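Q: Please take a close look at one part of this model, the sheet of chain B, and then set that part against the rest of the structure. I would like a connected account that I can follow on the screen.

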Amino acid sequence: MIIEGKTGKWEIVVGLEVHAQVVSKAKLFSGASATYGGDPNGQVSFVDAAFPGMLPVINGFVVEQAIKTGLGIEATVNEVSVFDRKNYFYADLPQGYQISQFTRPIVTGGKLELDMPGGVTKTVGVTRLHLEQDAGKSMHDQSPTKSYIDLNRSGVALMEIVSEPDIRSPEEAGAYLKKLRAILRYLGTCDGNMEEGSMRCDANVSVRKVGETKFGTRNEIKNVNSIRFVMQAIEYEATRQVEELENGGTIVQETRLWDTSKGVTRPMRSKEHAHDYRYFPDPDLLPLVLDPKVIARIKAEMPELPDAKKARFVSQYKLSPYDASVLVAEQEQADFFETVAKGRKDPKLAANWVIVELFGALNKKGVDVANSPVSAKNLAGLLDLMENDTISGRIAKDVFQIMVETGQDAATIVKEKGLTQVTDTGAIDAAIAKVMAENEAKVAEYRAGKVTLFGWFVGQVMKGTGGKANPAKVNEILKAKLGG
Amino acid sequence: MADLVDMTIAQLRDGLKAGRFSAIELAKAYIAAIEKNRGLNAFVVETPDMALTQAAVSDQRLQKGEGRPLEGIPLGIKDLFCTRGVQTTAGSHILEGFKPPYESTVSQNLFDAGATMLGKLNMDEFAMGSANITSHFGPVKNPWKRKDGKDLVPGGSSGGSAAAVAAHIVAAATGTDTGGSIRQPASFTGIVGIKPTYGRCSRWGIVAFASSLDQAGPMARDVRDAAILLKAMAGHDPKDSTSVPAPVPNYEAAMTGNVKGLKFGIPKEYRVDGMPAEIEKLWQQGIDWLKAAGAEPVEISLPHTKYALPTYYIIAPAEASSNLARYDGVRYGLRVPGKSLDEMYENTRAEGFGAEVRRRILIGTYVLSAGYYDAYYLKAQRVRTLIFNDFREAWKKCDVVLTPTAPSAAFGIGEKEDDPIGMYLNDVFTVPVNLAGLPGMSVPAGLSGEGLPLGLQLIGKPFDEETLFRVGGVLETAANFTARPGA
């Protein structure tokens, strides 16, 4: 996106830091449960509460999740990485430091391919992915004089995924987050739920004149909890920076918060602490050394990811790249499509039904594919009835509506409602004869050369058969009779 | 029969097994001895009821012939070890009243071997000190007296442990050693102390001072008792990522008395300026004893020794400044309220920590700060590697290194108090061993002109504690150190 300012054209430069909570039963360095919710302080071990003499022990499953994610973003998984302590005081940080990875992260140098409108592909670099502990939660609204602390989240494993400053518009930021979320969900390494806070995003935003190669001073917008808000916040912040600069001001590097209700970013309250985190390697943990065999094993077990699946859908099912990218955006959608399309003569028809009819209906109902009232098997059953001429395409749409409302399968609905297509030529002959007998004037007009009336006759015959007549047969017989 | 409290663990073990006395009788004898020696201030908490309850269980097992290696042996536990349900303070006001709901791995190992606990032993606050004068619960007195009758320090930080073992008010004790905190007090009180290889004993449940240096070990009357205890304390613990999964040998069996052909290194850099002649003489005596036993001395060089103390006083405070951040008044221990969270932190930590702990937190915070990290912490880590490499070179020439344990005998309470640097010099011979992660043992070898005990230190290869016990046993026999405090 280019901002037209008073003094010329400005370019937006954005880098994103995503905190993704790792899908894991237990926390990063303790055996306590990492599940969401639970009674306050009900999922806290002595390690999480930093009791004297307690020591961290790395959760091997979480490490494998990070490796998997690193491979999923085509990054280098480092065979040696180091955990550091990031020191600061806060009431919900029991150790007085967060265990993180500073100088030697587990993953470096990945990338994401984004499908932008107009068939454009944009590549955004991923600088690094590292593992770190989450802090607890401070609640300041429970008592007039006290703050309450819930340590359930304390020690939960996070992956911090940092992009290069390659993003140039709010749309690209949105596409990046959607793509990253899709990959994390495909891999099962993060559930990507931004509302519950299991995926959080900070955006670093700066602007510069088009053609300028140096970066401008950036501001960090913290903890924005939806993709839409991230896009809005970037747009607002970039526009604000351009105005500030064009009015002769300067940008001071600071941390800002997105105010959802007002739609603005504003500086966080002046920092009382100029933080010096005093990072140093955690002496309680040895360097994390990965066995190349484990990395190879995880690589061999990787599921098909969105980009590969999209390419396969295009080649195997002859879908358009656009349809394919819509279907692979969520794994459930892609799986749904494949169940419907498998073994079908016309997979593109299946894609149309999934994208247009099903997604349309789900949108209207406000549910996702996982909760679709029409199962993939049932949709396949409906398409089968069309393909074997049991029902017409028009009837199929009516049947589909009933399926959406009732969840019944297509065959049952067709049988109960008597919607089976009429292919018996005798019945069609009779219906045609009736229509011709009742509309002699129109028959004469047609025969005099007004062939455009043909469609009207088809419509009347279909109406006469309650829509059940096979349209191809009706066409064939009608053409013969009218011609006679 | 000798007085129960004057018997070694090896003797007690045999006596209990043979039924010559019961574990209850033994516990009672020690409880009485503790009561008589309260003036030493060796204990922060006495746990006579617990000792008697445990002893009753031991007697049952002994009667059934199911006695374990330390069945019924009454020990004192340094107050740095978390003990379930028993106040654990690390000698600090900030943890006063804290009763851990868990047991440290090392103390649990000892209890699992049948040991009983007489109480928690006084120590320098958070193990920071070399004289046991920084404890919130007051200084510990050395049972040994100088000729002028002045009260002496027992050394530190395991001063309570050392004093209690020397005064025969515990059969033995646990200690921890970050820069000499087992070996220096052992030397000051005429007992045996061994700091095993880093990773040999689990640190889980031990209040952390400097995580990359801290190591637990036994403090005992003689080398054999130390061997018996270390066997029970040591072992891999999956709860401590730095604990090493190596089998624990039978250290007692390693005491063969045979050092023929063994090469022991004499580091020329340990002849420091101003070292008292009597220390020099003791060292030479040690060399002669080992030579007489058939071992061969070799001169070695540990060229980076002079950097060990400054390196230690960067790394240890740096780790401590972070390790002690958890004492914030939020979850346990002392809380001194304030008008804001920051004020609560300031009030709590100002009142909870003593001067030496505050000094080290300040030093540690400083050396980790932006702009200073490379010049101090990073450089110190590099020097640490050089010190480790010094020893690695030395092992090409010798099997063990012999040095004095400390540059002096015990000094008076109140002396050196205003001289932190002078105090830090106490650890000049012990600190390099921690920086290199090696095992080190102090064995009592003689008396100073003032009639105070002096120790010799043996330094071993990584995980070769067996050689220390073998050579330590030979030194002990040759020295025949039988002097007792107050005798």
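A: What follows starts with the sheet of chain B, then turns to chain B as a whole, the contact between the chains, and chain A.

The model is a predicted one. In chain B, 11 strands make an open sheet with mixed pairing. Read across the sheet, the strand order is S1-S3-S2-S4-S6-S5-S10-S11-S9-S7-S8. At the two edges lie strand S1 (43–46) and strand S8 (296–300) of chain B, each of which pairs on one side only. From one strand to the next, the twist averages 30 degrees.

The edge at S8(B) can be followed residue by residue. Strand S7 of chain B, residues 263–267, pairs with S8(B) in the parallel sense, over 5 bridges. Within this pair, Phe264(B) has Pro297(B) in S8(B) as its bridge partner. Helix H5 of chain B, residues 159–166, packs on the sheet. The strands that H5 touches are S1, strand S2 (74–78), strand S3 (116–121), strand S4 (172–177) and strand S6 (215–220) of chain B. The direction of helix H5 makes about 155 degrees with that of S4(B). As general background, strands of a sheet pair through backbone hydrogen bonds, in either the parallel or the antiparallel sense.

Now for the chain that holds this sheet. Chain B has 16 helices and 11 strands. Its radius of gyration is 21 Å, close to the 23 Å that the globule rule gives for 487 residues, so chain B is as compact as a globular protein of that length. The C-alpha trace of chain B spans about 65 × 55 × 50 Å along its principal axes. Of the 487 residues in chain B, 59% are buried. Among contacts in chain B with a separation of 6 or more, 76% are between residues 24 or more positions apart.

Chain B also touches chain A. To this contact chain A gives 25 residues and chain B gives 34 residues. The chain A side is made up of 17 nonpolar, 4 polar and 4 charged residues.

Chain A can be described in the same terms. Chain A contains 15 helices and 17 strands. The radius of gyration of chain A is 30 Å, whereas a compact globule of 484 residues would have one near 23 Å. Along the principal axes, the C-alpha trace of chain A spans about 95 × 55 × 50 Å. Buried residues account for 40% of the 484 residues of chain A. For contacts in chain A with a separation of 6 or more, 69% come from residues 24 or more positions apart.

The domain assignment divides chain A into domain 1 (2–298), domain 2 (303–417) and domain 3 (425–483). Between the C-alpha centres of domain 1 and domain 2 of chain A the distance is 36 Å. Their contact takes 10 residues from domain 1 of chain A and 9 residues from domain 2 of chain A. On the domain 1 side, the elements giving two or more residues are strand S7 (107–116) and helix H2 (170–187) of chain A. H2(A) gives the most to that side, with 6 residues. By class, the domain 1 side has 4 nonpolar, 2 polar and 4 charged residues.

The strands of chain A offer some pairings to set beside those of chain B. Strand S2 (residues 9–21) and strand S12 (residues 199–209) of chain A are antiparallel and share 11 bridges. In this pair, Ala20(A) lies opposite Met199(A) in S12(A). S12(A) is also joined to strand S13 of chain A, residues 219–224, by 4 bridges, and these two strands run antiparallel. There, Cys201(A) has Val224(A) in S13(A) as its bridge partner.

Chain A also has an open sheet of 3 strands, in the order S6-S5-S16, with antiparallel pairing. Its edge strands are strand S6 (97–100) and strand S16 (280–281) of chain A, each pairing on one side only. Strand S5 of chain A, residues 84–87, pairs with S6(A) in the antiparallel sense over 4 bridges. Opposite Arg85(A) in this pair is Ile99(A) in S6(A).

Key
Residues numbered from 1 in each chain as written. Chains lettered and ligands numbered in written order. Predicted model: local features only at pLDDT ≥ 70, side-chain atom pairs only at ≥ 80, totals over all residues. Pairing = 2+ DSSP bridges. Rg over C-alpha atoms; globule rule 2.2 N^0.38 Å. Buried ≥ 20, exposed ≤ 12 C-beta atoms within 10 Å, placed from the backbone. Contact = placed C-beta atoms within 7 Å. Axes fitted to C-alpha atoms, helices over the stretch in contact; angles between N-to-C directions. Domains from an automatic or database assignment. Nonpolar A, V, L, I, M, F, W, Y, C, P; charged D, E, K, R; others polar.
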